Amino acid sequence: MKQSELKKAYDSLKVTPEMDVEVLKFVRAGKSRFRGGKAMRRGLAIAASLALVVGMFQIPQVGVAASTIIDKIMYQFSAGNESVDLAMEENIALRNVSKDWAKYDTLGDAQKDLGIDLLTSPAQCTAGGNHVSYDPLTNEDGDVYAIWLSDDIYALGDLENVEIETYNEGDTNNEVRYDCGDVYQSPIGMQIAIVVKSEDAKDGSVGFSNGEAWSASKEDGYVETEVYEIKAGAKAFITTYKADEGDGIGPEAWQCRDGQINEVTTAVFTYHGMEYTYYGAVSIDAMKTFLDTLE
């Protein structure tokens, strides 16, 4: 989807800066991309898998929204008696990175270019190249204060009859057409949030929940939740969201030939100061198996 088309879609939703505690759910017309302006970005933080066809939803808050200690943004995800403490740390070595949207063929290419160590999976899809989107967030002075790395088609699992179309342009979404497998009903997508200047990110504009405490409840559609320690050493908060009957969810990239997706599992954790989010129409057990491939 081109940037002009995204603007029309966002304008039709009447997104305002007051939506800081709300997250735009995936609209079938396109992936939640950012257009210029810090206030707009605060209302459109990527809540990857939890996206209905229309509308917004209120994120339940737990205690203090976020606490920033020097160069860290610390927050907690919880469900019932289970919780995970998360922390995004400032990475000052990235302050001179490019301010332009771009794409990398693989996450490995991105980490080499940025000079940082990232968790990667041998299960990642590389067909067609141009998989990983690089989206820098800039402050009012034009300085990069955070970076998003994302790929809606990161792992294909056992999907069948897969056809992938990728694009060079940083603001154009890739697409994959497929038939469901026995385990995967969609690809597993990936998003990584990296804080570059914590003083700009601490107001809630980076990460799955904007760096705010977040709670999953069955009343809000989260039918199952589990805390799981992955082999890499981090504790992941994994939850499955089920949409209402007739409401399809998932990014535009997922073109499933077998019908509408209405249930998506999301895993969120922080590792070495960066927040990782993985999302897909898979079970919690399948997500755990995938997470253990990260190294």
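Is Asp179 buried or exposed? Keep that in mind; we'll get to it partway through the tour.

**Before you click**

You're looking at a predicted model, where local features need pLDDT of at least 70, side-chain atom pairs count only at pLDDT 80 or more, and totals for chains, interfaces and linings use all residues. Residues are numbered from 1 along each chain as its sequence is written, and side-chain values use heavy atoms, with hydrogens and water left out.

**The whole view**

Start with everything shown as a cartoon. The protein has five helices and 17 strands; these are DSSP runs numbered from the N terminus, with helices (H or I) of at least four residues and strands (E) of at least two. Of its 295 residues, 56% count as buried. Here, buried means under 20% relative accessible area, exposed means over 50%, and partly exposed is in between, using a 1.4 Å probe and protein chains only. Switch on the surface and you have about 12100 Å² exposed, with carbon and sulfur atoms supplying 44% of it. That area comes from the Shrake-Rupley method with a 1.4 Å probe.

**Stop 1: strand E8**

Select residues 144-155. This is strand E8, and 12 of its 12 residues are buried. Now add residues 132-138, strand E7: the two run antiparallel, joined by six bridges. (Strands pair if DSSP finds at least two bridges between them.) Look for Thr138, which stands opposite Val144 in E8. E7 and E8 make a hairpin with five residues between them, and in the turn Gly142 has a positive phi of about 85 degrees.

Next, bring in residues 188-195. That's strand E11, which pairs with E8 in the antiparallel sense over seven bridges. To see one match-up, click Ala146 and find its bridge partner in E11, Val195.

**Stop 2: charged pairs**

Side chains of opposite charge can pair when their charged atoms come close. The whole structure holds 10 salt bridges, each being a side-chain nitrogen of Lys or Arg within 4 Å of a carboxyl oxygen of Asp or Glu.

Show Lys197 and Asp143 as sticks: their side chains meet in a salt bridge, 3.8 Å from N to O. Lys197 sits in the loop between E11 and helix H4 (198-201) and Asp143 in the loop between E7 and E8, so this pair ties together parts that are 54 residues apart in sequence. Lys197 is buried, at 13% relative accessible area, while Asp143 is partly exposed at 29%.

Now for the opening question. Select Asp179 and you'll find a buried residue, with a relative accessible area of 16%. Asp179 forms a salt bridge with Arg257, and their closest N and O atoms are 3.5 Å apart. The pair links distant parts of the chain: Asp179 is in strand E10, and Arg257 is 78 residues away, in the loop between strand E15 (254-256) and strand E16 (263-271). Arg257 counts as partly exposed, at 38%. Add Glu163, Glu165, Glu175 and Arg177 to the selection, and you have a network of salt bridges that also includes Asp179 and Arg257.

**Stop 3: helix H5**

Go to residues 284-291, helix H5. Six of its eight residues are buried, so the helix is largely enclosed by the rest of the structure. Among them are Ile284, Met287 and Phe290. Show the neighbours too: the buried residues of H5 pack against E8, E11, E13, E14 (235-242), E16 and E17 (274-280).

Lys288 is also buried, at 15%. Pick out its partner, Glu226: the two form a salt bridge with closest N and O atoms 2.8 Å apart. Glu226 lies in strand E13 (residues 222-229) and Lys288 in H5, so the pair ties together parts that are 62 residues apart in sequence.

**Stop 4: just past the helix**

Step on to Asp292, in the segment after H5. What is the nearest side chain of opposite charge to Asp292? Lys231, 5.1 Å away; Asp292 is buried yet has no salt bridge. (Lys and Arg count as positive, Asp and Glu as negative; His and the chain ends are not counted.) Turn on Tyr228 instead, and you'll see a polar contact of 2.5 Å between its side chain and that of Asp292. A polar contact is a pair of N or O atoms within 3.5 Å; within protein, one must be able to donate a hydrogen and the other to accept it, and residues adjacent in sequence count only if both atoms are side-chain atoms.

How values were computed: Contact = heavy atoms within 4.5 Å.
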